[in-house]
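User: Please take a close look at a single helix and what packs around it, and then set that part beside the charged pairs and other local contacts of the chain.

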Amino acid sequence: MSNKFPNLLEPLDLGFTKLKNRVLMGSMHTGLEEAPNGFQRMAEFFAARARGGAGLIVTGGIAPNDEGGAMPHMARLKTDEDVVNHKIIADAVHAEGGAILMQILHTGRYAFHPGAVSASAEKAPISPVTPNPLTEEGIWRTIEDFATCSKLAQKAGYDGVEVMGSEGYLLNQFIVTHTNKRDDDWGGVYENRIRFPLEIVRAIRAAVGENFILMFRLSMLDLIENGSTWDEVVILAKELEKAGATIINTGIGWHEARVPTIAHMVPRAGWTWATKRLMGEVSIPVIASNRINTAETAEEVLARGDADMVSLARPFLADADFVNKAANGQANLINACIGCNQACLDNIFSGQICSCLVNPLACHETELTIEAASTTRRIAVIGGGPAGLSYAATAAKRGHDVTLFESAARLGGQFNMARVIPGKSDYEETIKYYEAQLADLGVTINLGSRATVDQLAEGGFDEVILATGVTPRQLDLEGIDHPSVLSYIDVLQGGAEVGKSVAIMGAGGIGFDVAEFLVASEDHEENHAAFFKEWGVDTQSKTAGGLLPEGPQPAAPAREVYLLQRKASRPGASLGKTTGWIHRAQMKLSGVKTVSAVTYQKIDNDGLHILVGEESQVLAVDNVVICAGQEPQRELQAGLEEKGVKVTLIGGADVAAELDARRAIDQGIRLAAAV
Ligand code: NAP
Ligand code: SF4
């Protein structure tokens, strides 16, 4: 066992039970809760994480009653019939030696149905529904529903429950004056506003007895106006302990908050300072969460005394074996979550089953499996970007003899550009993971070597996989060869000198990335202080809710940037569902001028000539950067086919349009799983 992570791997004694380490797999809604055969699929999903060493697991949110589900069809636990399903999960986790809690989530005003309830009839800015205020009777019925739900969870075999009291859900809606406008015994003074969560905890404890974990997820910072003050948070934590909570898990920010809390631009473990303030205020364990994505970061959080335990949620999508790898001296083989949200939260918010960009097996454990190959084949993979890497690693894992050719000096492909974008440095982790994994699997890697048709045709390969990626789209525009014109590759990888004013042609993912790169100063550092200042967070906890009264304080932009697109739609509309708003807000904060409905006319010494609608303009910029999409790079295909070699195109070489790493990695794994 590794001694590199002594704090992480230390058991946690809860008195009546002992957790085997300090790692909680935090709650995530995966969409399996409502899917056909979903409980069997969830059982395998959670069992894999228990097998992988997670000390404690929490399920996705399960509603205690009909009003509490986010949608009318959302999973709930109300009857003995529901217990049968939940037992499948609890049994599967216990069979692997794990422990699991069921999260009870009442969404309150975040529910998207007319039966939504809350403390008051205050509509959330992110929902079209105005909730019905709970009556006194409705409040007591809801308290009872939480207790019944917990009792049923106990019957199903769970080791405990987590009560969701943060992120702006129903309990939070009672706690703060922002949403609680009542003038009865459940509103007004703080003591009244916290009565509802406390009565829930008391009722649960009375229903389940002493030897059952009752974890409460408490909001450390609401990140909304008129949220809780720090003193109030401490009072509630102490009262929760008295009411019977076993553990305090922590949450940061309501869903409607306009501060990023988990996406890639949030510094690693960026919010644990808030949890640290609670340490010593209660005698039950306190858990820190958000963007703790490597074993080293998790260990540091615990070693600093910021928390008693760490909660990792998405990192368990990225790698089911996170804890075992840390324990077995293989932390370099952990596939780290890069905070992109592209296949997890973005999927959930578009009604799909959750998965993971860097690990497409996540939540697909029962249908996508990597089995040993019956016959070993010699496989050449040309291109070491995300598609080629995932293909090579999967094929090698299955026992195939894989040789990878990469013309650049390092593996990673487009991720080598992503990793230099401010806030995206974790993309480096994926490159490092594949470097370590391919070495571990014995893949032969030829770096800095451009494979030739003859070499491949005569190399005795059974399969040739072309993962040669993309080339930037060449535009047919007067002045495109002007010295002021650069491609995004020149800027991000070529070290091109860029002037003080820039027009970016193309406002897709790469256009936004390049804009963020260009407005950041050269000595830009991804540090905590700069992040909190930029987003207006009060790290001294002097304000109710944790927002600075003066608002966001972004650093002065290093350049004047125009971000242009031909479409008339809002720039950034194609960005991720749960991260697009952050990128658009960042553009605003940095003074980037986004312009839609542009017709490009020419580029000359005066700058970029455009029409916006009918109006002609000359943007007198020092440089024009082309971010206008890509074309497939397939230069080897014809030559190989002429020689009778069958090739398989994957990633951008297959389809370049709107290629993203998610599709590339997924395709690589699925094809290699079947070869
Ligand atoms: P993209 O998203 O397809 O955007 C390219 C942009 O160029 C389009 O928005 C298009 O807008 C413009 N364009 C296309 N043809 C043009 C032409 N002939 N002349 C002028 N403009 C033209 O491609 P990308 O930005 O290169 O990104 C590639 C992929 O990487 C995307 O699928 C994206 O998902 C992924 N990515 C995502 C992120 C992120 O989510 N943050 C970051 C980086 C990359 P108009 O036609 O309206 O001008
Ligand atoms: Fe993390 Fe992205 Fe995977 Fe979600 S999709 S778990 S954010 S790497």
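Analyst:

**Helix α15 and its surroundings**

In this predicted model, the buried residues of α15 pack against α13 (386-397), β14 (401-406), α14 (415-418), β15 and α22 (661-674). The helix itself runs over residues 427-441, and its 15 residues reach 21 Å from the first C-alpha to the last, close to the 21 Å expected at 1.5 Å a residue. The residues of α15 that are buried are Y427, E428, E429, T430, I431, Y433, Y434, A436, Q437 and L438. After the helix comes G442, whose phi is positive, near 75 degrees.

One of the buried residues of α15, E429, also belongs to a network of salt bridges that links R268, R291, D426, E429 and K432.

The contact between α15 and α22 can be read from the other side as well, since what covers the buried residues of α22 includes α13, α14, α15 and β27 (647-649). Those buried residues of α22 are A661, A664, I665, Q667, G668, I669, A672 and A673. For its length, the 14 residues of α22 should span 20 Å at 1.5 Å a residue, and the end C-alpha atoms are 20 Å apart, which agrees.

Turning to the charged pairs, a search of the whole structure finds 39 salt bridges, and three pairs are worth describing in turn. E167 forms a salt bridge with R217, with the closest N and O atoms 3.9 Å apart. Because E167 lies in the loop between β8 (160-165) and α4 (170-175), while R217 lies in strand β9 (residues 213-221), this pair ties together parts that are 50 residues apart in sequence. Both E167 and R217 are buried.

D319 and K325 also meet through their side chains in a salt bridge, at 2.7 Å from N to O, and both D319 and K325 are buried.

The pair of E635 and R450 has its side chains in a salt bridge at 3.5 Å from N to O. It links distant parts of the chain, for E635 is in the loop between β26 (630-632) and α21 (637-642), and R450 is in the loop between β15 (444-447) and α16 (453-457), 185 residues apart. Here E635 is exposed, with a relative accessible area of 55%, and R450 is exposed as well, with a relative accessible area of 57%.

An uncharged side chain gives another local picture. S120 is placed in the loop between β6 (117-118) and β7 (132-133), and at 7% relative accessibility S120 counts as buried. A polar atom of the S120 side chain lies 2.8 Å from the backbone nitrogen of K181. Leaving aside its neighbours within four places in sequence, S120 is in contact with P131, P133, T179, N180, K181 and R182, so that K181 appears both in this list of contacts and as the residue whose backbone nitrogen faces the side chain of S120 at 2.8 Å.

Last comes a strand pair. Strand β23 (residues 607-612) and strand β24 (residues 615-619) pair in the antiparallel sense over five bridges, and the bridge partner of I610 in β24 is Q617. The hairpin of β23 and β24 has two residues between the strands, and in it G613 takes a positive phi near 65 degrees.

Note on methods:
Residues numbered from 1 in each chain as written. Chains lettered and ligands numbered in written order. Predicted model: local features only at pLDDT ≥ 70, side-chain atom pairs only at ≥ 80, totals over all residues. Heavy atoms only, no water. Salt bridge = Lys/Arg side-chain N within 4 Å of Asp/Glu carboxyl O. Helix = DSSP H or I, 4+ residues; strand = E, 2+ residues; numbered from the N terminus. Buried < 20%, exposed > 50% of the residue type's maximum accessible area, 1.4 Å probe, protein only. Expected span 1.5 Å × (residues − 1). Contact = heavy atoms within 4.5 Å. Polar contact = N/O pair within 3.5 Å; in protein donor to acceptor, adjacent residues only side chain to side chain. Pairing = 2+ DSSP bridges.
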